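Subject: Structure handover

Hi,

Here is the structure I promised you. Please open it and keep it in view while you read my notes.

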Amino acid sequence: MGRDILKQDKKLVWHPFTPLQGVADNLVVTSAEGSYLITEDGRKILDGVSSWWVNLHGHSHPLISKAIAEQSAKLEHVIFAGFTHEPAVELAKNLLSILPDNQKKVFYSDNGSTAVEVGIKMAIQYWYNKKSNRKKIIAIDGAYHGDTFGAMSVGERSIFTSPFTNYLFQVEFVDFPFPEKEKTVFEHFCTMIDSEEISAFIFEPLIQGASGMRMYSAKMLDKMIGYAQSKDVICIADEVMTGFGRTGSLFASDHLNHKPDVICLSKGITGGALPLGATSCNQRIVEAFQSNDLKEAFLHGHSYTANPMACAAANASFDLLTSENCIESIKRISDQHDSFRKRLKHPRVKDVRCKGVVLAVEFETDEDSSYLSELRNRIYPFFLERNILLRPLGNLIYVLPPYVITNEELGSIYKAIEEFLDTIET
Ligand code: PMP
């Protein structure tokens with residue numbers, strides 16, 4: 001059966017971020033439970049990356065599955081213009097109860113990229129409705145905000161965006177605020193803000209995910225937001241990856257004194273069971289749209305906006321996330337990562353860092369050789385052969401597990417990382 005699926009898959013299906021030729025066969029997954037993916041040939045693979053950072057409480061969680069099943073039998077979907085439903089309202093209430101308390105309204109979409117598109121469009125239209133000339137957006141060097149055109153525009157220009165460069169709108173980039181660069185970055189940032197042409201500042205708070213789990217200080221970000229807001233710039237936190245406990249608190253914005261005006265959410269929102277995006281905003285944004293004039297309304301929506309099954313999954317995930325058990329697990333995993341970080345010493349390790357449940361181990365590489373790509377090609381199969389799913393980001397391995405992972409399972413990942421390090425020539 002597995003062979004046949006693979007053959008058909010090769011012929012008919014196009015997979016994300018994957019060349020159409022020259023890559024290893026996909027693994028056929030037939031079920032998943034807890035922290036494990038189970039393949040058609042019976043392998044149990046430990047999901048060390050929460051299936052692209054979405055899974056919070058383990059796969060096929062019975063409470064989330066039940067919520068989806070019950071909701072699908074009652075109301076599977078309904079157009080969300082002119083209609084509403086309890087799961088969507090309940091979810092808005094739930095989200096606003098844990099988001100920073102300046103957040104007042106929730107706009108639903110389908111995924112992380114659309115949550116970001118909505119955030120950017122809200123900010124742009126805010127200034128349009130106010131008949132202002134502010135047009136420029138600031139983003140941080142190395143940013144990744146998704147694969148749709150607006151999200152790509154505010155992201156780093158890279159091999160992922162190069163075919164589309166001419167179609168992306170212009171954005172002002174500020175350098176990544178590495179600790180030793182904070183002063184110059186802040187000065188440059190302030191100069192840009194002082195131009196009074198800036199409409200919005202978008203950022204991945206505390207951790208830039210796709211560019212290599214790059215971490216920066218909450219104090220620095222807080223200072224940047226504080227200055228931007230003092231000049232009325234709309235601050236958009238892309239919490240698509242950092243949201244729902246990943247940085248150790250429920251949102252990365254919880255580490256800040258100055259709260260973002262707009263917050264983009266997806267990934268963990270449904271516990272990883274169904275696609276859903278949400279963009280929340282403060283009263284200032286809401287007020288700019290409070291009008292009977294259709295031209296001032298936010299004319300944006302998706303067919304599956306606020307899908308009831310996705311909202312029901314998100315409400316079940318919310319109950320799990322806010323339980324004492326889950327909060328303790330987040331703390332436990334954070335502590336385990338931190339003690340591994342402290343004890344990991346290896347000549348090939350350039351840096352090991354962690355924040356909350358995110359652990360990143362960066363390797364020393366000789367950038368002038370093909371070593372980097374060679375290393376990347378070795379990491380993925382090395383771990384998979386040991387039934388551990390870790391996807392490297394260049395010369396970096398990261399661990400971002402579901403909260404149900406046990407200390408023993410975490411230990412097996414750390415051990416495999418140490419074994420991998422021993423295979424690299426010094
Ligand atoms: N923003 C951030 C910070 C992300 O990490 C991602 C996805 N990795 C996205 C946006 C895009 O989300 P999606 O893949 O659901 O479109």
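Below is what turned up, starting with the ligand. Keep in mind that this is a predicted model.

**The ligand site**

Which residues sit around the ligand? They are Trp53, Asn111, Gly112, Ser113, Tyr144, His145, Gly146, Glu204, Asp238, Val240, Met241 and Lys267. Sorted by class, this shell holds four nonpolar, five polar and three charged residues.

Look at three contacts here. Asp238 has a side-chain N or O atom 2.7 Å from a nitrogen atom of the ligand. Gly112 uses its backbone instead: one of its backbone N or O atoms is 2.8 Å from a ligand oxygen. Asn111 places a polar side-chain atom 3.4 Å from an oxygen atom of the ligand. How much of the ligand does the protein cover? On its own, the ligand has 390 Å² of accessible area, and the protein covers 82% of that.

**A nonpolar patch**

Tyr144 belongs to the shell around the ligand. Tyr144 also helps make a nonpolar surface patch of about 550 Å². The other members are Phe17, Trp52, Ile159 and Phe160. To find Phe160, go to the loop that links α6 (149–153) and β6 (172–174).

**A four-stranded sheet**

Next, find the open sheet with the strand order β1-β2-β3-β15. Its pairing is mixed. Which strands are at the edges? They are β1 (29–33) and β15 (388–389), and each pairs on one side only.

Now zoom in on β1 and β2. Strand β2 covers residues 36–39, and it runs antiparallel to β1. Four bridges join the two. Ala32 has Leu37 in β2 as its bridge partner. Val29 is matched with Thr39 of β2. The two strands form a hairpin with two residues between them. There, Gly34 takes a positive phi near 55°. As you look along a strand, remember a general point: in a regular strand, side chains alternate between the two faces of the sheet.

**Salt bridges**

How many salt bridges does a search of the whole structure find? The count is 19. In general, side chains of opposite charge can pair when their charged atoms come close. Take Glu70 and Lys66, which form a salt bridge with their closest N and O atoms 3.4 Å apart. Where does this pair sit? Both residues are in helix α3 (residues 62–74). They are four residues apart there, so about one helical turn separates them.

Best wishes

Methods
Residues numbered from 1 in each chain as written. Predicted model: local features only at pLDDT ≥ 70, side-chain atom pairs only at ≥ 80, totals over all residues. Heavy atoms only, no water. Near = heavy atom within 4 Å. Polar contact = N/O pair within 3.5 Å; in protein donor to acceptor, adjacent residues only side chain to side chain. Areas by Shrake-Rupley, 256 points an atom, 1.4 Å probe, with all protein chains shown as cover. Nonpolar A, V, L, I, M, F, W, Y, C, P; charged D, E, K, R; others polar. Pairing = 2+ DSSP bridges. Patch = residues over 30% accessible without salt bridge, like charges linked within 9 Å, V, L, I, M, F, W, Y side chains within 5 Å. Salt bridge = Lys/Arg side-chain N within 4 Å of Asp/Glu carboxyl O.
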